[in-house]
Amino acid sequence: MGVAYRIQQFFQIMRARPDQDAWARASVILNPPLRELFLRMAPSDQAHGLRVFSALELEGKSDPDLLAAALLHDVGKSVHRPSVLDRVIVVLANQLFPRKVIQWGKSEPEGWRRPFAIARQHPRWGAELAAANGASPQLEELVRRHQEPLAGKPQTAFTRLLGDLRRADSEN
């Protein structure tokens, strides 16, 4: 991701509010407990999830698990909410020390390593939350693996969905 994209993303986070029209369309695909999970997310994460959902919807994607994953892929961040400064630190460190960021991300979400732990571990936390609230196994896996590289993976129906999610996530 380029620096210009990251600067744009920073300002989106600062002023992001969920789009109520998109939420009206999106909320019907989530069961009530999953809707509550979505609503526990920070407004900027809700807005991001709705942008990812809307992008997939505009492409004609209709798989309910994919659309639900668009909304919930970052729900694990509600466990340990990253601040704007945490997000900036992770982006900068990824540019300067990518290997160290991976190592720091394996830590407990405490102290100075907290931002890195959140960035790395939120997919697992989100998948656990989704599973505990009635998500299908496929939705759970999409949330769990939404940051996983796809290079070299065989093309299956699941990896195509995961690829769609990853692309829409990175563009929105």
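Helices here are DSSP runs of H or I, at least four residues long, and they are numbered from the N terminus. The model shown is predicted.

**View 1. Thr-156 in the loop between α9 and α10.** Start with the loop that links these two helices. Thr-156 sits in it, after α9 and before α10. Is Thr-156 buried or exposed? Neither label fits: Thr-156 is partly exposed, because its relative accessible area is 34%, and partly exposed is the class between under 20% and over 50%. Now look back along the chain to Arg-144. Thr-156 and Arg-144 are separated by 12 residues in sequence. In space, their C-alpha atoms lie 17 Å apart.

**View 2. Helix α8 against helix α9.** Helix α8 spans residues 114-132, and helix α9 spans residues 137-144. Their axes come within 7 Å. The crossing angle is roughly 160°. Angles over 145 degrees count as roughly antiparallel, so α8 and α9 are roughly antiparallel to each other. The crossing of α8 past α9 is right-handed. Which residues make the contact? On the α8 side they are Pro-123, Arg-124, Gly-126, Ala-127 and Ala-131. On the α9 side they are Glu-140, Val-143 and Arg-144. By class, this contact has 4 nonpolar residues, 1 polar and 3 charged.

**View 3. Helix α5 against helix α10.** Here the axes come within 10 Å. They cross at roughly 35°. As α5 passes α10, the crossing is right-handed. From α5 come Leu-66, Ala-69 and Ala-70. They meet Leu-161, Asp-164 and Leu-165 of α10. The contact of α5 with α10 holds 5 nonpolar residues, 1 charged residue and no polar ones.

**View 4. The largest nonpolar core, with 32 residues.** Six members touch the most other members: Leu-30, Leu-34, Phe-38, Leu-71, Leu-72 and Leu-139. Which helices give two or more residues to this core? They are α2 (20-26), α3 (32-40), α4 (43-58), α5 (64-72), α8, α9 and α10 (157-171). Helix α5 gives the most, with 7 residues. Another core lies apart from this one. That other core has 5 residues, including Val-90, Ala-93, Val-101 and Phe-116.

**View 5. Leu-30 and the residues it touches.** Leu-30 is one of the members of the largest core that touch the most others. Set aside residues up to four places away in sequence. Leu-30 then touches Trp-23, Arg-35, Phe-38, Ala-68, Leu-71 and Leu-72.

**View 6. Ser-54 in helix α4.** Is Ser-54 buried or exposed? Its relative accessible area is 17%. Buried means under 20%, so Ser-54 counts as buried. Beyond its neighbours within four places in sequence, Ser-54 is in contact with Ala-22 and Arg-25.

**View 7. Arg-17 in the loop between α1 and α2.** Helix α1 covers residues 3-15. Arg-17 lies in the loop that follows, before α2. Its relative accessibility is 57%. Exposed means over 50%, so Arg-17 counts as exposed. What does Arg-17 touch, not counting residues up to four places away in sequence? The contacts are Pro-43 and Ala-47. Arg-17 and Pro-43 stand 26 residues apart along the chain. Their C-alpha atoms are separated by 5.5 Å.

How values were computed:
Residues numbered from 1 in each chain as written. Predicted model: local features only at pLDDT ≥ 70, side-chain atom pairs only at ≥ 80, totals over all residues. Heavy atoms only, no water. Axes fitted to C-alpha atoms, helices over the stretch in contact; angles between N-to-C directions. Parallel < 35°, antiparallel > 145°, perpendicular 65-115°, else oblique. Left-handed = near helix turned anticlockwise from the far one by under 90°. Contact = heavy atoms within 4.5 Å. Nonpolar A, V, L, I, M, F, W, Y, C, P; charged D, E, K, R; others polar. Core = buried A, V, L, I, M, F, W, Y, C linked by side-chain atoms within 4.5 Å. Buried < 20%, exposed > 50% of the residue type's maximum accessible area, 1.4 Å probe, protein only.
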